[in-house]
Amino acid sequence: MIFEAIRESHDLQRDLCRKLTASRGDMASRQLLFLQLKVELMAHAAAEERHLYVPLLMADGGLDASRHALHEHHQVDELLEDLSVRNKEQDGWIATAKTLSFKVRHHLKEEESKFFQLAGRLLPDAKKAQLAARYRREIVRMRKHYAAEFESIAVSGETGLVKPAKAAADKPATRGSASAGAQLRGHAKPRRTR
Ligand SMILES: [Fe+2]
Ligand SMILES: [Fe+2]
C-alpha cells in the first residue's frame with residue numbers, strides 16, 4: 001500500500017532529523033547527516049508529489065490538501081537551501097536545523113493523521129496499489145539522482161537507501177584524489193560536498 005511505503009521514508013526522516021539536531025563538535029558527521037537528510041527529503045518529496053499528490057490534485061476533494069502539502073515541501077526546500085553552506089559550525093546553523101526538523105515533523109504528522117485518510121477515501125484500491133509500486137521505484141531513482149551530486153554519500157544497491165560512501169571510497173579502485181575517484185566512478189567532475 002502507498003501509505004506504508006511512504007511511512008518508511010517518514011521514519012527515516014524523523015531519525016535523521018533527531019540525529020542532526022543532536023550533532024555536536026564532530027563537523028564531518030554533521031555534514032554527512034545533513035546530506036543524508038537532504039537527499040532523503042528531496043527524493044521523498046519528488047516521489048510523493050508525483051505518485052500521491054498529483055492523483056490527489058485531480059480529485060475535487062483533494063485540491064486543498066495537495067496544495068497545502070506542496071507548499072510545505074517548498075518551505076522545506078528553502079530551509080535546506082539555507083542550511084547548504086560550507087560552514088555548519090557558524091551561529092544560527094543549528095537553530096535553522098531545528099526549524100527544519102520542527103517543520104518536517106509537523107508536515108509528516110499532518111500527512112499521516114489527515115492527508116493519508118483523505119487520499120484513502122478518494123483513491124480506489126487498485127490505484128493505491130499501482131501508486132505504491134510506482135512510488136517505491138521513484139524514490140530509489142530520485143535518491144540516486146540527488147546523491148550523485150555529493151562525493152560522501154551513495155545509495156545502497158541492496159536496500160535502495162542513502163548511506164555514507166565511505167565503504168565504497170575505501171576500495172582500492174576509488175582511492176586517490178577526488179577527481180580520480182570521480183572519474184573512476186564515471187563522473188567527469190568531482191562532486192560537491194555541500
Ligand atoms: Fe510530504
Ligand atoms: Fe511525506
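**Following helix α2 through the model**

In this predicted model, helix α2 meets helix α5 along a series of residues: V39, M42, A43, H44, A46, A47, E48, R50, H51, L52 and P55 on the α2 side face K127, L131, R134, Y135, E138, I139, M142, R143, Y146 and A147 on the α5 side. Sorted by class, the residues of this contact are 13 nonpolar, two polar and six charged.

How do the two helices lie against each other? Helix α2 covers residues 27-57 and helix α5 covers residues 125-147; their axes are 8 Å apart and the packing angle is about 150 degrees. Since angles over 145 degrees count as roughly antiparallel, α2 is roughly antiparallel to α5. The handedness of this crossing is right-handed.

Now let us turn to another partner of α2. Helix α3 has an axis that comes within 10 Å of the axis of α2, and the two cross at roughly 160 degrees. This pair is therefore roughly antiparallel as well. Is the crossing of α2 and α3 left-handed or right-handed? It is left-handed. On α2, the residues making this contact are F34, K38, L41, A45, E49, Y53, L56 and L57, while α3 contributes L63, A65, S66, A69, L70, H73, V76, L80 and L83. Here the classes come to 13 nonpolar, two polar and two charged residues.

With these two contacts in mind, we can look at the core. The largest nonpolar core holds 37 residues, and L20, L37, L52, Y135, A147 and I153 have the most contacts inside it. Which elements give two or more residues to this core? They are α1 (2-22), α2, α3 (63-83), α4 (93-122), α5 and β1 (153-155). Helix α2 supplies the largest share, 13 residues. You have already met L52 and Y135, as both belong to the contact between α2 and α5.

I153 deserves a look of its own. Leaving aside residues up to four places away in sequence, I153 touches L35, Q36, V39, A147, V162, K163, P164 and A165. Of these neighbours, V39 and A147 also appear where α2 meets α5.

Finally, step back to the whole chain. Its secondary structure consists of seven helices and two strands, which follow one another from the N terminus as α-α-α-α-α-β-β-α-α. Of the 194 residues in the chain, 28% are buried. Among contacts with a separation of 6 or more, 65% join residues that are 24 or more positions apart.

Conventions: Residues numbered from 1 in each chain as written. Chains lettered and ligands numbered in written order. Predicted model: local features only at pLDDT ≥ 70, side-chain atom pairs only at ≥ 80, totals over all residues. Axes fitted to C-alpha atoms, helices over the stretch in contact; angles between N-to-C directions. Helix = DSSP H or I, 4+ residues; strand = E, 2+ residues; numbered from the N terminus. Parallel < 35°, antiparallel > 145°, perpendicular 65-115°, else oblique. Left-handed = near helix turned anticlockwise from the far one by under 90°. Contact = placed C-beta atoms within 7 Å. Nonpolar A, V, L, I, M, F, W, Y, C, P; charged D, E, K, R; others polar. Core = buried A, V, L, I, M, F, W, Y, C linked by C-beta atoms within 7 Å. Buried ≥ 20, exposed ≤ 12 C-beta atoms within 10 Å, placed from the backbone.
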